[in-house]
Amino acid sequence: GPNSRRLLERQREVDSSAVAYPEDIPVAFEEGKGATVRDVDGNTYIDMFAGIGVLNVGHANPYVLDAVHKQADKLVHTVDFPTEARIELIEKLDEIAPGDLSGNNRVVFGGPTGSDAIEASIKLAKYNTEGSGLVAFRGAYHGATSGAMSITGNKKFKGNYTPLLSDVVHAPYPNPVEMGKSPEAAVEHALEEVQAIFEDPYGGLANPAGIFVEPIQGEGGVVVPPKGFLQGLRDVADDHGVPLVFDEIQSGLGRSGQWWASEWEGVTPDVMTSAKALGGTGFPLSATIYHEDLDTWDAGDHAGTYRGHVVAMRAGTRTIEYIQEHDLLAHARDLGEYIRGRLREAGEGNPHVADVRGRGLFVGCEFVDAEGNPADDVADAVQDYCFEHGVLVWKAGRHGNVLRLLPPLVLTEELAETALDVIVDAIEAATT
Ligand code: PMP
């Protein structure tokens, strides 16, 4: 609409050229509620994107905002001076931590972004092992700071910033569709490569410090690794005495229908990163959660001004409580099944829909052309159609050919149905 266009033009004049605006359909938002958001021209959208999977309890969640308002009136920030808010959130994270991390965890809040949590996890792994080598995966996304870019498995995000951390090796992430292998063969291949990084004297890392992996790849295309992969990594990490680090920044806090995506496989990491949804309805907060055995840092060994953001911490605790009280994990599992079911139905007999996957409300739909090659133009057309018809969706994947859905966990069945009607029509329009 005209107001959106005006805002976009004004902002472009002053904003960094690094900002990636939605070029085809300029839209600017002014108000969100639950799983819907309204633009400055008065159009309402169903938000199946949630600010890259941040708004798990919805826009303007009143239970979270109530605590935010009260806290903001009292105290916003104290760095490391003790607060009830910080202790409460650490205890809450301990309660929902997976496996034996629960009851034994330590948390470091290093800063507001996911990248901050990744940097802390890299430092923690190096500090504890006195190693330098990092094992990471192709297709991974871990953030925009130098350490996080180093373990990111996508050259697009590394630009000309090299040299980054040099002691990094990327192994294949088991995506059966991309590899053209069975799920079992994909896992076997990926694990062999990881093992070789540790064991093959003709290559790999001389002095490994840790394995860094998303338990479900987000930016890489909503890739759910087949069964056995995470356990295989757990075994390699144990055999070689390095920490296994799960990046749950996109997959965690209920997104997958469990608190943590790792719980689908019952595999517990030594270190876990969280951000995005952690700060409630969009407050910046990230955390590195790790087993107390790794708590060897001396005071001051890792610093950060924003590790005492009291308002964001209150929002975080309230968010976890809200998910618990409304049983949103079960809701995410059920609604995710419904969404994938609708997409699979749409894909039946449609050769352009190569794969529908995900867990909970972390959903991907991969498009190919008539020859079976990645079709980013289909994903683009689906996204444009959805925007034009009031549904916000995003993309992901090596080739930008995966439709990615990350709706708030509070999405209702009615809204999900309406959104899927539009998405199914979009797929039809884009592929016929
Ligand atoms: N890790 C993962 C898995 C992510 O999806 C992202 C953000 N998309 C990050 C790390 C980086 O988080 P941030 O953008 O907050 O630095």
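This report looks at two helices and some charged residues.

The structure is a predicted model, in which local features need pLDDT of at least 70, side-chain atom pairs count only at pLDDT 80 or more, and totals for chains, interfaces and linings use all residues. Residues are numbered from 1 along each chain as its sequence is written, and side-chain values use heavy atoms, with hydrogens and water left out.

Let's begin with helix H10, residues 310–325 (helices are DSSP runs of H or I, at least four residues, numbered from the N terminus). Its 16 residues should span 22 Å (1.5 Å times one less than the number of residues), and its end C-alpha atoms are indeed 22 Å apart. In H10, 12 of the 16 residues are buried (under 20% relative accessible area, 1.4 Å probe, protein chains only), so the rest of the structure largely encloses this helix. Among them are Met313 and Tyr322.

Now for the salt bridges (a side-chain nitrogen of Lys or Arg within 4 Å of a carboxyl oxygen of Asp or Glu). The structure holds 21 of them, including these:

| Pair | N to O distance |
|---|---|
| Arg314 and Glu88 | 3.2 Å |
| Glu265 and Lys227 | 3.8 Å |
| Asp355 and Arg357 | 2.8 Å |

Arg314 lies in H10 and Glu88 in helix H4, so their salt bridge ties together parts that are 226 residues apart in sequence. Of the second pair, Glu265 is buried at 18% relative accessibility, whereas Lys227 is exposed (over 50%) at 67%. Arg357 is buried too, with a relative accessible area of 8%.

Finally, meet helix H13, residues 413–431. Its buried residues include Ala416 and Leu420.

Note on methods
Helices (H or I, at least four residues) and strands (E, at least two) are DSSP runs, numbered from the N terminus.
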